[in-house]
Amino acid sequence: MTEAIPAPESDLKAAELIRDEARRAPDRPGVYRMYGEDGACLYVGKARSLKKRIVQYAQGRFHTQRIAHMVSLTRSMELVVTASETEALLLESNFIKKLKPRFNVVLRDDKSFAELMIRRDHRAPQVRKHRGAHTIKGDYFGPFASTWAVNRTLTTLQKAFLLRSCSDSVYESRTRPCMLHQIKRCSAPCTGLISLEDYGQLVDEAEAFLRGKSRAVIGRLSQEMQAASDDMDFETAARVRDRIRALSAISMENSVSAEGVAEADVFALHSDAGQACVQVFFYRGGQNWGGRAYFPRVDKSDTDADILGAFLGQFYEDKPVPREILSNVVPFEKELLEEAFSMMAKQVDGRRVVSIERPLRGDRRALVDHALTNAREALGRRLAENSAQGKILDEVVEAFGLEGRPERIEIYDNAHIQGSNPVGGMVVAGPEGFRKNQYRKFNIRGEELSPGDDFGMMREVMRRRFSRLVKEEDEGEAPERPDLLLIDGGLGQLSAVRSVLDDLGLEDILAVGVAKGPDRDAGLEKFIIPGKAPFMLPLKSPALYYIQRLRDEAHRFANGAHAKRRSMDIKKNPLDEIEGVGPGRKKALLHAFGSAKGVGRASVADLEKVEGINRALAERIHGFFHPAGRA
């Protein structure tokens with residue numbers, strides 16, 4: 001249970017503000033948030049006593065110059081009281097993930113992990129991939145670090161245990177075994193080729209295998225193969241042999257040399273040059289289910305214990321916690337983290353204890369050392385890539401006259417076919433590469449636009465994108481402004497963009513047109529900046545290659561969005577309701593008039609000019625859109 005304490009609006013500057021908050025803060029556990037001049041969250045912290053912690057700030061007792069700088073930027077604070085320090089820790093992690101404060105250690109890449117699920121709400125349980133909450137009755141196994149890992153395991157389960165993966169509707173409608181049965185990856189319970197009782201035994205064996213009892217499962221299958229061979233049933237023996245091979249292959253590939261590691265996540269932290277890498281591996285049922293490297297946002301003054309403590313809190317904020325967490329660093333407030341994770345585990349499955357250990361010897365130490373080796377190598381690769389990326393961005397700065405390295409570059413492109421299904425695409429890139437969670441598509445809605453009006457489409461995209469940015473800034477939010485806009489097009493597209501930006505008071509945002517070379521040859525692009533003569537970059541320039549990559553990614557994204565919209569439009573279109581208009585004539589009409597709306601605006605005479613449309617059909621189409629019958 002939490003209780004919010006509103007802070008009165010105040011113009012007090014940092015020191016006075018902190019002293020004022022200290023007088024009013026309660027001597028209870030909770031979370032505090034510090035905000036700057038622009039309303040952006042600077043820092044989120046938790047304390048056993050909010051009053052004592054804020055008094056420390058008020059008295060100027062700072063651990064580092066960085067914290068002192070943070071306090072000097074503070075213009076407002078918000079406090080939330082919690083029932084315990086454990087609850088405050090969980091709430092702090094939630095706020096950090098949501099707000100991404102400037103002065104906190106922040107977990108930036110937080111994609112969900114895939115799991116395998118054996119459904120238990122059907123008479124013939126289905127095995128399939130799963131993401132998200134456990135809302136379906138069944139057994140869940142994971143996490144798997146990559147889609148490749150979960151797909152490989154799913155294929156192995158189909159080969160070894162012949163479990164169905166089809167949907168319930170397909171299962172109920174089958175009258176003959178499907179192709180998966182023909183290639184020996186399903187036992188076909190849908191058509192009764194295996195009894196539900198025998199199928200249930202296969203499901204139980206698959207569950208035992210996923211829980212780490214692979215040796216016992218392979219042992220039983222070996223006995224079954226030997227019995228079939230003794231009975232001269234060599235066909236059955238061969239099928240069982242193939243199942244054993246599939247299980248043995250994945251068991252050897254994923255096996256763990258640590259005895260007793262049934263359910264554990266292994267973390268290793270390596271930091272260097274003001275950056276850090278946390279490598280995690282997932283071990284379930286005695287098998288390695290893959291790993292992933294993370295690069296949290298840190299500061300040079302953060303200790304390894306602080307980094308790992310903050311990382312673990314955010315990592316498990318929305319993920320199931322294993323029984324054991326092994327790491328090469330003892331995280332800050334280890335006991336508090338264990339208490340919080342145990343509380344989370346109890347809510348999920350009734351478990352009470354989660355332990356965090358730093359193993360010093362034996363097989364567990366070997367697992368941590370293996371993760372640490374991966375962390376060192378991953379951070380080394382990243383530092384090398386960032387160094388090269390930094391040099392490229394320096395060239396971009398010089399080419400376009402920027403004040404500093406761009407933190408956010410937005411690239412825009414439009415896609416359509418003769419004006420039909422127009423879509424605008426926005427791709428975002430930064431010093432660390434493409435930021436795909438920031439991509440946006442814009443379905444062009446302007447009815448006043450004529451088909452193929454690229455300039456009008458670009459104006460609409462810019463107006464919608466930057467009107468929202470201006471609105472968010474007016475409401476006190478702090479949206480991330482782009483440092484550079486790259487527009488796929490020449491002077492006309494750039495002029496359309498510039499007119500919108502200037503109308504919205506965003507004259508300080510630099511927009512550059514990237515005009516394709518003769519015959520669209522890569523390397524011959526011309527760059528257009530208002531007030532300057534068009535120019536080209538040297539053919540071997542890394543900056544030119546980088547901009548080509550950005551433009552190609554925007555082109556790919558916009559075309560993909562357009563293809564998806566066109567596919568949906570073809571499947572669902574008012575023309576489908578008109579008798580005599582089949583797929584061929586519909587396609588001809590859309591090509592001629594751009595969209596169904598364009599067809600609706602056409603006269604009978606114009607419709608009759610389209611190939612395949614005679615006078616009678618033209619009148620029927622016109623009458624469909626104009627019930628009054630005006631030609």
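This is a short walk through a predicted model, from its overall build to two helices, a helix pair and two buried residues.

Start with the whole chain. The protein has 631 residues, and 47% of them count as buried. Its secondary structure comprises 20 helices and 19 strands. The C-alpha trace spans about 85 × 80 × 55 Å along the principal axes. Sequence separation in the contacts is worth a look too. Take contacts between residues at least 6 apart in sequence: 61% of these join residues at least 24 apart.

Now go to helix 2, residues 50-58. Its buried residues are Leu-50, Ile-54 and Tyr-57. These three cover an arc of only 45° around the axis, which puts them on the same side of helix 2. The spacing fits a general rule. An α-helix has 3.6 residues a turn, so residues three or four places apart point the same way. What lies over this buried side? The cover includes two helices, helix 1 (14-24) and helix 3 (65-73). It also includes strand 2 (30-35), strand 3 (41-47) and strand 4 (76-82). After helix 2 comes Gly-60, with a positive phi near 75°.

Helix 1 deserves a closer look as a partner of helix 2. The two pack at an angle of about 155°, and their axes are 8 Å apart. An angle over 145 degrees counts as roughly antiparallel, so helix 1 is roughly antiparallel to helix 2. The crossing of helix 1 past helix 2 is left-handed. Which residues make the contact? Helix 1 contributes Ile-18, Arg-19, Glu-21, Ala-22 and Arg-23. Helix 2 contributes Lys-51, Ile-54, Val-55, Tyr-57 and Ala-58. By type, the residues of this contact divide into six nonpolar, four charged and no polar. Ile-54 and Tyr-57 appear in this contact, and both are among the buried residues of helix 2.

Strand 2 is part of the cover over helix 2, and Arg-33 sits in that strand. Is Arg-33 buried or exposed? Its relative accessible area is 13%. The cut-off for buried is under 20%, so Arg-33 is buried. Leave out residues up to four places away in sequence, and Arg-33 touches Cys-41, Tyr-43, Val-44, Ser-76, Met-77, Glu-78, Val-80, Phe-95 and Leu-99.

Next, move along the chain to helix 12, residues 334-349, which holds Met-344. The relative accessibility of Met-344 is 14%, so Met-344 counts as buried. Which residues is Met-344 in contact with, leaving aside neighbours within four places in sequence? They are Leu-90, Tyr-316, Glu-317, Lys-319 and Val-321.

Met-344 also gives a yardstick to the last stop. Phe-593 is 249 residues from Met-344 in sequence, and their C-alpha atoms are 59 Å apart in space.

Phe-593 belongs to helix 17, residues 583-593. Its fellow buried residues there are Lys-586, Leu-589 and Leu-590. Viewed down the axis of helix 17, the buried residues fall within an arc of 95°, so they line one face of the helix. The face turned away from the buried side carries Gly-584 and Lys-587, which are exposed. Lys-586 and Lys-587 therefore make a useful pair to compare: Lys-586 is one of the residues lining the buried face, whereas Lys-587 is on the face turned away from it. Just after helix 17 comes Gly-594, with a positive phi of about 90°.

Notes
Residues are numbered from 1 along each chain as its sequence is written. This is a predicted model: local features need pLDDT of at least 70, side-chain atom pairs count only at pLDDT 80 or more; totals for chains, interfaces and linings use all residues. Side-chain values use heavy atoms; hydrogens and water are left out. Buried means under 20% relative accessible area, exposed over 50%, partly exposed in between (1.4 Å probe, protein chains only). Helices (H or I, at least four residues) and strands (E, at least two) are DSSP runs, numbered from the N terminus. The arc is that of the directions from the helix axis to the C-beta atoms. Contact means heavy atoms within 4.5 Å. Axes are lines fitted to C-alpha atoms, for helices over the stretch in contact, and angles run from 0 to 180 degrees between N-to-C directions. Angles under 35 degrees count as roughly parallel, over 145 as roughly antiparallel, 65 to 115 as roughly perpendicular and the rest as oblique. A crossing is left-handed if the near helix is turned anticlockwise from the far one by less than a right angle, and right-handed if clockwise. Ala, Val, Leu, Ile, Met, Phe, Trp, Tyr, Cys and Pro count as nonpolar, Asp, Glu, Lys and Arg as charged, and the others, Gly among them, as polar.
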